[in-house]
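Work through the exercises below with the sequence and the model at hand. Each task is followed by a solution in steps.

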Amino acid sequence: MKNLQKGDKKLLNAWAFYDWANSVYTLTIASAVFPIFYEALFSDRDHYIDVFGMHLKNSALISFITAFAFMVVSFISPLLSGIADYVGNKKSFMKFFCYLGALSCMGLYWFDLDNIYVGLLFYFLGLLGYWGSLVFYNSYLPDIAFEEQQDRISAKGYSLGYIGSVLLLGINLWMIMGAENDAARMEAMRYSFVMVGVWWILFSQYTYYYLPKGSSEKNQKLTKDVVFNGFKELKKVWGLLNDNVPLRRYLGGFFVSSMAVQTVMLVATYFGAQEIQWSSKEESTIGLIFCILLIQIVAVFGALLTSRASAKWGNVPTLIFINGIWAVFCAMAYFMTLPLHFYIMATIVGFVMGGIQALSRSTYSKLLPETEDTASFFSFYDVAEKIGIVIGMCVYGIIDQITGSPRAAIVILAIFFITSIFLLRRVHKKDVSN
């Protein structure tokens, strides 16, 4: 396929369509069906299991596995991004992680407590594949879109992701609701994991068809020096932050915010399954999936409204406002007990979830200096996000394990959002062009 010119509508749409392909992972595996499936496995075990030589609460265990996966991603992403920029073949790396994640999702079909280590390995590799592919996907944004296009196409990508993931989750929900008994419902959930992998691989082909090979066509031989060049690139980006005060200040606020945002999104369903007073197991399953669907539907409008708000009031003021809403949500979550409370909070989260993700990505892109090594800069962005998630998930898991309840952990996350607000206030509106 002949490379399309930067800013070409077909190229922009192809890039954004990868969100349609991969967002089914975040919804079905990370947010909705797998957490419910995982909780159901422990229905007769009082939420605890002996694993890795410890007696762990199930939600704490999955938090620690998630944190470990993000720690690995934060280590390998700068190395791989440096290699990708050097050899000019970002697309091959993106494909590798995409297929690793998709096939691992299919492997979750065999997840059970008798083979807990194999199941956790598939869960770990699914996370690794998804977030690894995003390193290269995000780094394409300044390569394929001009600055004035980046807010809009970033929001469009997230919107496509929400629509596509809701469509598949709707099908999964229909399968689960149609099951005659608990065993059939569990089997329907297992099939949904396979469907995620197939969907992810199938629809990503449209993106791969149009995306260029990389930001350059160097095609130089991969040597030992090139491998270690990834760490040198990360160090170079760190050094450049000393000369780019707005970018450094923004990254501080983003780092703290990402601790909380991604943690809330990753643990919300586990929280709802354990802490909300559902009348039955069936109501819990359907109610939790409905809440996640509600979040995704509302998030489509939230991402678009955030894009318009940033155009009118600026990226930074909009981000500060959204972080404020997140802080209030975390504080109120401590008092949630009824399904109605969970539905109301799901609506609020939907409006701010897509907005903060899309705007954070495009704001960072706008603050970048003129450079062709975009993968290295976005690797730094991803490292900051992933380390934040590691800290957030560990804090959540430790408090959950010690207290036996995640309520106190959710309140602690509100402190992260408040801290992010103070840090973002140091970034001047004029530093981020619209």
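**Exercise 1. Place Leu305 in its helix, classify its exposure, and list the surface patch that it helps to make.**

Step 1. In this predicted model, Leu305 belongs to helix H11.

Step 2. The relative accessible area of Leu305 is 48%. Buried requires a value under 20% and exposed a value over 50%, so Leu305 is classed as partly exposed.

Step 3. Leu305 joins Ile297, Phe301 and Phe351 in a nonpolar surface patch of about 400 Å².

Step 4. Helix H11, which covers residues 281-313, gives the most to this patch, with three residues.

**Exercise 2. Locate Ala184, classify its exposure, and state how far its C-alpha atom is from that of Leu304.**

Step 1. Ala184 sits in helix H8, residues 182-210.

Step 2. Ala184 has a relative accessible area of 30% and is therefore partly exposed.

Step 3. Along the chain, Ala184 and Leu304 are 120 residues apart. In space, their C-alpha atoms are separated by 39 Å.

**Exercise 3. Decide whether Cys98 and Cys105 are bonded or free, and whether they are buried or exposed.**

Step 1. A disulfide is a covalent bond between the sulfur atoms of two cysteines. The test applied here asks for a pair of cysteine sulfur atoms within 2.5 Å.

Step 2. The structure as a whole has zero disulfides. For Cys98, the nearest cysteine sulfur belongs to Cys105 and is 9.9 Å away, and Cys98 is in no disulfide.

Step 3. Seen from the other side, Cys105 has the sulfur of Cys98 as its nearest cysteine sulfur, at 9.9 Å, and is likewise in no disulfide.

Step 4. Cys98 has 0% relative accessibility, so it counts as buried. Cys105, with a relative accessible area of 1%, is buried.

**Exercise 4. Describe the pairing of strands E1 and E2, the turn between them, and the two faces of E1.**

Step 1. Strand E1 spans residues 48-51 and strand E2 spans residues 54-57. The two pair in the antiparallel sense, over four bridges.

Step 2. Tyr48 has Lys57 in E2 as its bridge partner, and Asp50 has His55 in E2.

Step 3. The hairpin has two residues between the strands, and Phe52 takes a positive phi near 55° there.

Step 4. On E1, Ile49 and Val51 make up the covered face. Tyr48 and Asp50 make up the uncovered one.

**Exercise 5. Count the salt bridges and compare the settings of the pairs Arg185 with Asp182, Arg407 with Glu275, and Lys386 with Glu385.**

Step 1. Side chains of opposite charge can pair when their charged atoms come close. With a limit of 4 Å between a side-chain nitrogen of Lys or Arg and a carboxyl oxygen of Asp or Glu, the count is five salt bridges.

Step 2. Arg185 and Asp182 form one of them, with the closest N and O atoms 2.3 Å apart. Both residues are in helix H8, three residues apart, about one turn of the helix.

Step 3. The partners differ in exposure: Arg185 is buried at a relative accessible area of 13%, whereas Asp182 is partly exposed at 38%.

Step 4. Arg407 and Glu275 form another salt bridge, with 3.0 Å between the closest N and O atoms. This pair links distant parts of the chain, since Arg407 is in helix H15 (residues 407-424) and Glu275 is in helix H10 (residues 245-275), 132 residues apart. Arg407 and Glu275 are both buried.

Step 5. The side chains of Lys386 and Glu385 meet in a salt bridge at 2.9 Å, N to O. Lys386 and Glu385 are each buried.

**Exercise 6. Summarise the whole chain: secondary structure, dimensions, radius of gyration and share of buried residues.**

Step 1. The chain contains 15 helices and two strands.

Step 2. Along the principal axes, the C-alpha atoms fill a box of roughly 55 × 45 × 40 Å.

Step 3. For 434 residues, a compact globule would have a radius of gyration near 22 Å. The chain has 21 Å, so the value agrees with that of a compact globule.

Step 4. Of the 434 residues in the chain, 61% are buried.

How values were computed:
Residues numbered from 1 in each chain as written. Predicted model: local features only at pLDDT ≥ 70, side-chain atom pairs only at ≥ 80, totals over all residues. Heavy atoms only, no water. Buried < 20%, exposed > 50% of the residue type's maximum accessible area, 1.4 Å probe, protein only. Patch = residues over 30% accessible without salt bridge, like charges linked within 9 Å, V, L, I, M, F, W, Y side chains within 5 Å. Areas by Shrake-Rupley, 256 points an atom, 1.4 Å probe, with all protein chains shown as cover. Pairing = 2+ DSSP bridges. Rg over C-alpha atoms; globule rule 2.2 N^0.38 Å.
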